[in-house]
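Here is a model to walk through. Keep the sequence beside you as you read.

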Amino acid sequence: MKQPIPFSGSRPADTDRDVLTDVMQRVARGDKQAFSALYDALAPLVFGIVLRVVRDRAQSEEVAQEVMIDLWRQAARYRPDAGAVTSWAATIAHRRAVDRVRSVQAASDREQAQAAREHTTAFDEVAEQVETRLESEQVRRCMRGLTELQRQAVTLAYYQGLTYREVAEALRTPLPTIKTRMRDGLIRLRDCMGVNT
(Lines give C-alpha, C1' and ligand atoms only; values in the text may rest on other atoms or scores of the structure.)
Protein backbone atom coordinates (compact mmCIF):
# COMPACT_ATOMS: atom_id res chain seq x y z
CA MET A 1 0.00 0.00 0.00
CA LYS A 2 1.18 3.53 -0.71
CA GLN A 3 2.85 5.54 2.04
CA PRO A 4 0.54 8.20 3.50
CA ILE A 5 0.90 11.63 1.99
CA PRO A 6 0.27 14.84 3.92
CA PHE A 7 -3.23 16.08 3.29
CA SER A 8 -3.69 19.54 1.93
CA GLY A 9 -7.39 19.65 2.71
CA SER A 10 -8.29 20.82 -0.81
CA ARG A 11 -10.90 19.08 -2.95
CA PRO A 12 -9.61 16.89 -5.76
CA ALA A 13 -10.12 18.02 -9.31
CA ASP A 14 -13.30 16.63 -10.84
CA THR A 15 -12.49 13.05 -11.64
CA ASP A 16 -14.31 11.20 -14.34
CA ARG A 17 -16.88 8.98 -12.59
CA ASP A 18 -16.27 6.07 -14.94
CA VAL A 19 -12.52 6.25 -14.37
CA LEU A 20 -12.89 6.15 -10.55
CA THR A 21 -15.42 3.33 -10.82
CA ASP A 22 -12.92 1.35 -12.90
CA VAL A 23 -10.14 2.17 -10.43
CA MET A 24 -12.32 1.06 -7.52
CA GLN A 25 -13.08 -2.25 -9.25
CA ARG A 26 -9.34 -2.83 -9.74
CA VAL A 27 -8.75 -1.97 -6.06
CA ALA A 28 -11.38 -4.56 -5.15
CA ARG A 29 -9.26 -7.15 -6.98
CA GLY A 30 -6.20 -6.15 -4.87
CA ASP A 31 -4.45 -3.91 -7.41
CA LYS A 32 -2.06 -1.75 -5.36
CA GLN A 33 -1.29 0.62 -8.21
CA ALA A 34 -5.00 1.25 -8.62
CA PHE A 35 -5.23 1.99 -4.91
CA SER A 36 -2.35 4.46 -5.26
CA ALA A 37 -4.33 6.30 -7.94
CA LEU A 38 -7.50 6.13 -5.83
CA TYR A 39 -5.56 7.47 -2.84
CA ASP A 40 -4.25 10.42 -4.81
CA ALA A 41 -7.74 11.19 -6.13
CA LEU A 42 -9.66 10.88 -2.85
CA ALA A 43 -7.27 11.71 0.01
CA PRO A 44 -7.79 15.50 -0.16
CA LEU A 45 -11.60 15.11 -0.30
CA VAL A 46 -11.59 12.64 2.61
CA PHE A 47 -9.29 14.83 4.71
CA GLY A 48 -11.41 17.94 4.08
CA ILE A 49 -14.60 16.19 5.22
CA VAL A 50 -12.94 14.74 8.31
CA LEU A 51 -11.30 18.03 9.27
CA ARG A 52 -14.64 19.89 9.11
CA VAL A 53 -16.12 17.40 11.60
CA VAL A 54 -13.16 16.63 13.88
CA ARG A 55 -11.57 20.12 13.78
CA ASP A 56 -8.22 18.87 15.00
CA ARG A 57 -5.62 18.54 12.25
CA ALA A 58 -3.59 15.69 13.80
CA GLN A 59 -6.67 13.63 14.62
CA SER A 60 -8.14 14.42 11.21
CA GLU A 61 -5.04 13.07 9.47
CA GLU A 62 -5.30 9.90 11.55
CA VAL A 63 -9.01 9.45 10.80
CA ALA A 64 -8.46 10.18 7.10
CA GLN A 65 -5.80 7.43 6.98
CA GLU A 66 -8.31 5.04 8.60
CA VAL A 67 -10.86 5.99 5.94
CA MET A 68 -8.39 5.29 3.15
CA ILE A 69 -7.63 1.89 4.68
CA ASP A 70 -11.40 1.27 4.86
CA LEU A 71 -11.68 2.10 1.17
CA TRP A 72 -8.95 -0.45 0.42
CA ARG A 73 -10.56 -3.15 2.58
CA GLN A 74 -14.15 -2.48 1.54
CA ALA A 75 -13.54 -1.86 -2.16
CA ALA A 76 -15.43 -5.04 -3.08
CA ARG A 77 -18.55 -3.64 -1.38
CA TYR A 78 -18.73 -0.61 -3.64
CA ARG A 79 -21.69 -0.70 -6.03
CA PRO A 80 -21.56 1.77 -8.95
CA ASP A 81 -25.36 1.79 -9.25
CA ALA A 82 -25.59 3.12 -5.65
CA GLY A 83 -23.62 6.30 -6.40
CA ALA A 84 -20.27 7.78 -7.31
CA VAL A 85 -17.04 6.61 -5.70
CA THR A 86 -16.56 10.10 -4.28
CA SER A 87 -19.98 9.98 -2.61
CA TRP A 88 -19.25 6.56 -1.15
CA ALA A 89 -15.85 7.74 0.15
CA ALA A 90 -17.42 10.93 1.53
CA THR A 91 -20.04 8.89 3.40
CA ILE A 92 -17.39 6.64 4.97
CA ALA A 93 -15.25 9.68 5.84
CA HIS A 94 -18.15 11.49 7.49
CA ARG A 95 -19.16 8.39 9.46
CA ARG A 96 -15.62 7.80 10.70
CA ALA A 97 -15.21 11.46 11.65
CA VAL A 98 -18.47 11.47 13.63
CA ASP A 99 -17.42 8.23 15.36
CA ARG A 100 -14.13 9.85 16.38
CA VAL A 101 -15.86 12.95 17.77
CA ARG A 102 -18.30 10.77 19.73
CA SER A 103 -15.46 8.58 21.00
CA VAL A 104 -13.45 11.60 22.16
CA GLN A 105 -16.55 13.11 23.80
CA ALA A 106 -17.41 9.82 25.52
CA ALA A 107 -13.86 9.52 26.85
CA SER A 108 -14.00 13.11 28.10
CA ASP A 109 -17.39 12.48 29.75
CA ARG A 110 -16.03 9.34 31.46
CA GLU A 111 -13.00 11.24 32.75
CA GLN A 112 -15.19 14.06 34.07
CA ALA A 113 -17.59 11.61 35.71
CA GLN A 114 -14.69 9.75 37.32
CA ALA A 115 -13.17 13.01 38.55
CA ALA A 116 -16.56 14.06 39.96
CA ARG A 117 -16.96 10.68 41.70
CA GLU A 118 -13.48 10.93 43.18
CA HIS A 119 -14.15 14.49 44.35
CA THR A 120 -17.53 13.52 45.82
CA THR A 121 -16.07 10.42 47.46
CA ALA A 122 -13.21 12.42 48.97
CA PHE A 123 -15.62 15.09 50.19
CA ASP A 124 -18.05 12.50 51.57
CA GLU A 125 -15.27 10.68 53.42
CA VAL A 126 -13.99 13.90 54.97
CA ALA A 127 -17.51 15.03 55.87
CA GLU A 128 -18.25 11.64 57.41
CA GLN A 129 -15.04 11.68 59.43
CA VAL A 130 -15.75 15.20 60.69
CA GLU A 131 -19.33 14.28 61.54
CA THR A 132 -18.23 11.11 63.34
CA ARG A 133 -15.60 13.04 65.30
CA LEU A 134 -18.10 15.73 66.30
CA GLU A 135 -20.66 13.13 67.34
CA SER A 136 -18.01 11.27 69.34
CA GLU A 137 -17.02 14.46 71.13
CA GLN A 138 -20.66 15.26 71.86
CA VAL A 139 -21.25 11.73 73.19
CA ARG A 140 -18.17 11.99 75.43
CA ARG A 141 -19.33 15.39 76.72
CA CYS A 142 -22.83 14.07 77.40
CA MET A 143 -21.45 10.91 79.05
CA ARG A 144 -19.59 13.13 81.53
CA GLY A 145 -22.99 14.49 82.58
CA LEU A 146 -24.13 11.03 83.82
CA THR A 147 -23.64 9.65 87.29
CA GLU A 148 -20.78 7.17 87.71
CA LEU A 149 -23.15 4.16 87.83
CA GLN A 150 -25.09 5.37 84.76
CA ARG A 151 -21.86 5.96 82.80
CA GLN A 152 -20.48 2.52 83.70
CA ALA A 153 -23.76 0.76 82.87
CA VAL A 154 -24.20 2.53 79.53
CA THR A 155 -20.56 1.90 78.58
CA LEU A 156 -20.80 -1.81 79.40
CA ALA A 157 -24.13 -2.25 77.61
CA TYR A 158 -23.55 -0.14 74.48
CA TYR A 159 -19.81 -0.19 73.94
CA GLN A 160 -19.05 -3.71 75.16
CA GLY A 161 -22.36 -5.35 74.21
CA LEU A 162 -23.28 -6.75 77.62
CA THR A 163 -26.87 -7.59 78.56
CA TYR A 164 -28.58 -5.90 81.54
CA ARG A 165 -27.96 -9.05 83.62
CA GLU A 166 -24.24 -9.11 82.64
CA VAL A 167 -23.93 -5.40 83.48
CA ALA A 168 -25.55 -6.04 86.89
CA GLU A 169 -23.11 -8.88 87.58
CA ALA A 170 -20.09 -6.87 86.40
CA LEU A 171 -21.03 -3.89 88.62
CA ARG A 172 -22.26 -6.10 91.48
CA THR A 173 -25.51 -4.14 91.51
CA PRO A 174 -29.10 -5.50 91.59
CA LEU A 175 -30.65 -5.90 88.14
CA PRO A 176 -33.63 -3.55 88.82
CA THR A 177 -31.20 -0.81 89.88
CA ILE A 178 -29.17 -1.27 86.67
CA LYS A 179 -32.31 -1.08 84.53
CA THR A 180 -33.42 2.12 86.27
CA ARG A 181 -29.96 3.74 86.06
CA MET A 182 -29.62 2.81 82.39
CA ARG A 183 -33.08 4.17 81.56
CA ASP A 184 -32.35 7.43 83.39
CA GLY A 185 -28.87 7.64 81.82
CA LEU A 186 -30.19 7.12 78.29
CA ILE A 187 -32.86 9.80 78.82
CA ARG A 188 -30.15 12.24 79.95
CA LEU A 189 -27.98 11.32 76.95
CA ARG A 190 -30.90 11.80 74.58
CA ASP A 191 -31.72 15.22 76.05
CA CYS A 192 -28.05 16.27 76.05
CA MET A 193 -27.59 15.30 72.39
CA GLY A 194 -30.87 16.91 71.33
CA VAL A 195 -32.35 13.70 69.93
CA ASN A 196 -36.08 13.90 69.34
CA THR A 197 -38.18 10.84 70.09
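We look at one bent helix, then at a pair of helices.

This is a predicted model: local features need pLDDT of at least 70, side-chain atom pairs count only at 80 or more, and totals for chains, interfaces and linings use all residues. Residues are numbered from 1 along each chain as its sequence is written, and side-chain values use heavy atoms, without hydrogens and water.

Start with helix α2, residues 32-54. Helices are DSSP runs of H or I, at least four residues, numbered from the N terminus. A straight helix of 23 residues would span 33 Å (1.5 Å times one less than its number of residues). Helix α2 spans only 29 Å between its end C-alpha atoms. Where is the kink? A kink of about 45 degrees lies at L42, shortly before the proline P44. That bend is the angle between axes fitted to the seven residues ending there and the seven starting there. Just after α2, R55 takes a positive phi of about 70 degrees.

Now turn to α5 (residues 148-159) and α7 (residues 175-193). Their axes, lines fitted to C-alpha atoms over the stretch in contact, come within 9 Å. They cross at roughly 90 degrees, on a scale from 0 to 180 between N-to-C directions. The two helices are therefore roughly perpendicular (65 to 115 degrees).

Conventions. Parallel < 35°, antiparallel > 145°, perpendicular 65-115°, else oblique.
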